[in-house]
Amino acid sequence: LADGELLQLSNVSNHSFSEEVYFDVIRKKTAALFAACTKAAAFSVGVGEGEAELARLLGEYIGICFQINFDNKEIGKPTGNDMLEGKLTLPALYVLNTTKNEEAQEIAIKVKEGTATLDEIAHLISFIKENGGIEYAVQTMNVYKQKAFNLLASLPDSDICAALRAYLDYVVDREK
C-alpha cells in the first residue's frame, strides 16, 4: 500500500498520462487491500495455497472494479475531487491519450501541478465526458468484473460464490 501511495505521489509531477501507472497505483493500493483480505479469508477456512491464490486474484479484480467505479463517480462531481488533488483517473487518461487534444493536455498538466482553476477542471471534465472517457472506464471495469466471474465459475457453485457474484454486481453498479 505504501509503494502505491509513493508511486501515486511521484506521478503527480510527471507530465505523462499513463494508464499503466494508473493500474500500477490502484493494484498497489486499493486492489492490494482487497487481495490481502480475500487471501486471508481463504486461509482462515483452511484452504491450500492454490485456492488462496485464486482468492487473492479475485480480491485484486474486485479492488480494481471498486476503484474504477469510484473514479467514475468522482469525475462526475462538480468539484472533480481527484483533480483538485492532482490526480488523473482512467477516464481522463484514456481521453488525453486518444484525442491528443493540446488544450486538454495543458489543463491536465496544470491539474497534476496543482495549478488548475475550478473552471479549467470543469472544462476538462466536460471534455472527458464528451469524448467517451466514462464509457471506456465502464468497459474496462466490466472486463475485470468478467475475469472475477470467470474465477468464480471455476469453483463449485455455493452460497459463498453466489454472495461474491452479488457483491461484484454491487461494486460495479453502486452509485456512491
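Start with the whole chain in cartoon view: the protein chain has nine helices and zero strands. Helices here are DSSP runs of H or I with at least four residues, strands are E runs of at least two, and both are numbered from the N terminus. Read along the sequence, the pattern is α-α-α-α-α-α-α-α-α.

Before you click further, note that this is a predicted model, where local features need pLDDT of at least 70 and side-chain atom pairs count only at pLDDT 80 or more, while totals for chains, interfaces and linings use all residues. Residues are numbered from 1 along each chain as its sequence is written, and side-chain values use heavy atoms, with hydrogens and water left out.

**Stop 1: the whole chain**

Switch on the surface. The protein chain exposes about 9100 Å², and carbon and sulfur atoms supply 57% of that area. Accessible areas come from the Shrake-Rupley method with a 1.4 Å probe, and for residues only the protein chains shown count as cover. Of the 176 residues, 39% count as buried. Buried means under 20% relative accessible area, exposed means over 50%, and partly exposed lies in between (1.4 Å probe, protein chains only).

Contacts come next; a contact means heavy atoms within 4.5 Å. Among contacts between residues at least 6 apart in sequence, 69% join residues at least 24 apart.

**Stop 2: helix 2 and A31**

Select A31, which sits in helix 2. Is A31 buried or exposed? With 0% relative accessibility, A31 counts as buried. Now show what surrounds this residue: leaving aside neighbours within four places in sequence, A31 is in contact with I26, G59, E60, G63 and I64. Draw a line from A31 to E60, too. The two are 29 residues apart in sequence, yet their C-alpha atoms are 4.5 Å apart in space.

**Stop 3: salt bridges**

Side chains of opposite charge can pair when their charged atoms come close. A salt bridge here is a side-chain nitrogen of Lys or Arg within 4 Å of a carboxyl oxygen of Asp or Glu. How many salt bridges does that rule give? The count comes to nine.

Stay in helix 2 and select D24 and K28. They form a salt bridge, with the closest N and O atoms 3.7 Å apart. D24 and K28 are four residues apart in helix 2 (residues 19-44), so about one helical turn separates them. An α-helix has 3.6 residues a turn, so residues three or four places apart point the same way. D24 is partly exposed at 31% relative accessibility, and K28 is partly exposed at 32%.

Hop over to R56 and E60, another salt bridge, where the closest N and O atoms are 3.0 Å apart. Both residues lie in helix 3 (residues 49-76), four residues apart, about one turn of the helix. R56 is partly exposed at 23%, whereas E60 is buried at 14%.

Then pick D157 and R165, whose side chains meet in a salt bridge at 2.9 Å, N to O. D157 is exposed, with 68% relative accessibility, while R165 is partly exposed at 26%. Finally, select R27, E53, R56 and E60 together: salt bridges that share partners join them into one network.

**Stop 4: the largest pocket**

Select A42, A55, L155, I160 and L164. Of the 16 residues lining the largest pocket, these lie nearest its centre. The elements that give two or more residues to this lining are helix 2, helix 3 and helix 9 (159-173). Which helix gives the largest share of the lining? Helix 3 does, with four residues.

Color the lining by type and you get 13 nonpolar residues, two polar and one charged. Ala, Val, Leu, Ile, Met, Phe, Trp, Tyr, Cys and Pro count as nonpolar, Asp, Glu, Lys and Arg as charged, and the others, Gly among them, as polar.

**Stop 5: helix 5 and helix 7**

Select helix 5 (residues 90-99). Its buried residues are L90, P91, A92, L93, V95 and L96. Just after helix 5 comes K100, whose phi is positive, near 55 degrees.

Last pick: E120, in helix 7 (residues 118-130). E120 counts as buried, at 18% relative accessibility. Not counting residues up to four places away in sequence, E120 touches I107, K110 and T115.

Key:
1 Å grid on protein atoms, 1.4 Å probe; cavity = no way out; pocket = protein on both sides within 12 Å on 5 of 7 lines; lining within 4 Å.
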